[in-house]
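Hello,

I am passing a structure on to you, as you are new to it. Please open it alongside this message and read the two together.

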Amino acid sequence: MDDENAEVVSLPQAPDAIELRHLRAFVAVAEELNFGRAAARLYLSQPALSRQIRSLERLVGCDLLRRSTHRVELTLAGEALLDRARGLLREVDEAVSAARSVGGELLARIARHWDSFAEVSLSDLQELRMAFEGLHAQFEPPPNISVRSVNAGGVPGLLLTPQAEESAALLYLHGGGHVAGSAFGYRPLAGALAEQAGTGVVVPDYRLAPEHPLPASLEDAVRAYRWMLDRGATQVTVAGDSAGCGLVLSLLLSLKQQGLPMPGATVLFCPWVDMTETGLDRTPHELDDFRRASAGLYLAGYPADDPLVNPLSADLAGLPPMLVQAATGDPLLGEARELTEHAQDCGVDARFELFPVDTHDFHIFWSFLPEAAQALQQAGRFVRDTTLAAQAG
């Protein structure tokens, strides 16, 4: 080529050429130390993930990971980059989240999802149940999650597992005010939690009020939990959202009373655990009418202040490590805080995580709400960490 006509291409400096996806890929592999799990976490194929890591190493100019047939390790350069990359990604995500919040786009989208359910009165129970199913039907489980029916000790339900993962170490008790909700409807949320925790999730279709008031759902939860133990699960985590959290705690207290093996951990999303009038007076909100009515149908005369159904007055000593996640704009935020503090006072290793979201049960919107996706990621890490700690002990 004639030098006079040649074009000189200026290569950008590494910081200008590195893309956020390169850093996200590196952080995922560095945290998982496993390309398969990191690829699933980012919804990428392993070859695509490997290409992104290679691109980053080429731009940085050094190896960040040591790979062998059975192991992935950080190099010294990788260790130096990891914390800084985490901080950078966190700041970028917070900036994007703040911009979206100011624009109101995400809140408006969440409001549209809730509207179809919120407009239905509990007096038309079947319509309310259909509206609640319709809310969840607007989402899909992660693409690599397999779903199949199970009979969990006589309780119908679903088993959701990551690809090539047959075992289940998570029991999920869905929300719905004890009167609505189903395993089928909760496939997206339970599947996302299975993805992040790296284990299968059993979602029982426990019986609902008013056709089946307390203790029907509690009996179903106990049967499903014992079925998992009978199948060889040695470290079960029990999780739930909203009213399902109350059922989770009733399950734990019932297991404690019966002297049965306790789960290894508990995860509670936006818990509703107080069905007393005192609790409703403490946090007045438009949800209160629904809470009061559904609590009445669920309890059917059972004392609302009985410790079995009101963990805020129960002795929680001996319960497993607990993660409580809540939203700043959740009308039930006070209950989440009070539950965490009460559990800590009883000697439980209880952790509280708060997310800047203006809605109840925000985890449902994980597919488009960054805070919900982050919450599930942290919940999955909590499940993995408590499982590893128990196995090591």
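Below is what was found, beginning with a sheet and ending with a helix. Please keep in mind that this is a predicted model.

The sheet is an open one, built from eight strands with mixed pairing. If you walk across it, the order is S3-S4-S6-S5-S7-S8-S9-S10. Its edges are strand S3 (145-152) and strand S10 (350-355), each of which pairs on one side only. On average, neighbouring strands are turned by 20° against each other, direction ignored.

One pairing to look at is that of strand S7 (residues 237-241) with strand S8 (residues 265-269): the two run parallel and are joined by five bridges. Among the residues involved, Ala239 has Val267 in S8 as its bridge partner.

Two helices that pack on this sheet are also worth finding. Helix H10 (residues 243-258) touches strand S5 (168-173), S7, S8 and strand S9 (322-327), and its direction makes about 150° with that of S7. Helix H13 (residues 333-345) touches S8, S9 and S10; the angle between its direction and that of S10 is about 160°.

Lastly, have a look at helix H7 (residues 125-136). Its twelve residues reach 17 Å from the first C-alpha to the last, close to the 16 Å expected at 1.5 Å a residue. Which residues of H7 are buried? They are Leu125, Leu128, Arg129, Ala131, Phe132, Leu135 and His136. Viewed down the axis of H7, these buried residues fall within an arc of 160°, so they line one face of the helix.

Enjoy exploring, and best wishes

Definitions and conventions:
Residues numbered from 1 in each chain as written. Predicted model: local features only at pLDDT ≥ 70, side-chain atom pairs only at ≥ 80, totals over all residues. Heavy atoms only, no water. Helix = DSSP H or I, 4+ residues; strand = E, 2+ residues; numbered from the N terminus. Expected span 1.5 Å × (residues − 1). Buried < 20%, exposed > 50% of the residue type's maximum accessible area, 1.4 Å probe, protein only. Arc of directions from axis to C-beta. Pairing = 2+ DSSP bridges. Axes fitted to C-alpha atoms, helices over the stretch in contact; angles between N-to-C directions. Contact = heavy atoms within 4.5 Å.
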